[in-house]
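Biologist: I am new to this model. Please choose one part of it and take me through that part closely, then show me how the rest fits around it.

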Amino acid sequence: MTLPPAPDRGSIQTSAILLIVLGFLCGGWIPTIFGIIALVQMESDPRSARTMNKVGWIVFCVIVGLMILGILAYFVFGIAILGIFGIAASTG
């Protein structure tokens with residue numbers, strides 16, 4: 001049984017740094033923590049670092065998706081409420 005080749009450390013490092021920066025700027029603390037863990041584990045356990053990196057990106061995408069849904073819901077409900085009050089004001 002042969003093990004798969006070790007992941008490329010350069011790509012893990014680049015991805016982890018991007019995850020830290022983007023996670024801190026717009027994704028919250030959780031993706032940032034996963035990126036930091038991936039950077040720390042890169043030298044000792046590259047496979048675990050790659051896994052932490054993937055989990056961090058998944059969490060980042062989920063958080064950004066929820067933020068987009070929240071913004072859309074805010075606008076949809078805001079327009080609906082303005083429409084209701086607009087109809088009430090025009091009839092009264």
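Modeller: Start where helix 1 crosses helix 2; the crossing is left-handed. Keep in mind that this is a predicted model.

Who makes the contact? Helix 1 brings Gln13, Ala16, Ile17, Leu19, Ile20, Gly23, Phe24 and Gly27. Helix 2 answers with Trp29, Pro31, Thr32, Phe34, Gly35, Ile36, Ala38 and Leu39. Sort these residues by type: eleven are nonpolar, five are polar, and none is charged.

Now the geometry. Helix 2 covers residues 29-41, and its axis lies 7 Å from that of helix 1. The two pack at an angle of about 160°. Angles over 145 degrees count as roughly antiparallel, and helix 1 and helix 2 are therefore roughly antiparallel to each other.

Look next at helix 1 alone, residues 9-27. Which of its residues are buried? They are Ile12, Ala16, Leu19, Ile20, Gly23 and Gly27. Their arc around the axis spans only 120°, so they sit on the same side of helix 1. A general rule helps here. In an α-helix there are 3.6 residues a turn, so residues three or four places apart point the same way.

What follows helix 1? The next residue is Gly28, with a positive phi near 95°.

Go back to Gly27, a buried residue of helix 1. Gly27 and Gly65 are 38 residues apart in sequence, yet their C-alpha atoms are 9.9 Å apart in space. Gly65 belongs to helix 3, which runs over residues 46-91. Its relative accessible area is 29%, so Gly65 is partly exposed.

Arg9 leads to another such pair. Its partner Glu43 is 34 residues away in sequence and 8.1 Å away in space, C-alpha to C-alpha. Glu43 sits in the loop between helix 2 and helix 3. Is Glu43 buried or exposed? Glu43 is exposed, because its relative accessible area is 55% and the cut-off for exposed is over 50%.

Finally, step back to the whole protein. There are three helices and zero strands, in the order α-α-α from the N terminus. The protein has 92 residues, and 20% of them count as buried. Take the contacts with a separation of 6 or more: 60% of them join residues 24 or more positions apart.

How values were computed
Residues numbered from 1 in each chain as written. Predicted model: local features only at pLDDT ≥ 70, side-chain atom pairs only at ≥ 80, totals over all residues. Heavy atoms only, no water. Buried < 20%, exposed > 50% of the residue type's maximum accessible area, 1.4 Å probe, protein only. Helix = DSSP H or I, 4+ residues; strand = E, 2+ residues; numbered from the N terminus. Arc of directions from axis to C-beta. Axes fitted to C-alpha atoms, helices over the stretch in contact; angles between N-to-C directions. Parallel < 35°, antiparallel > 145°, perpendicular 65-115°, else oblique. Left-handed = near helix turned anticlockwise from the far one by under 90°. Contact = heavy atoms within 4.5 Å. Nonpolar A, V, L, I, M, F, W, Y, C, P; charged D, E, K, R; others polar.
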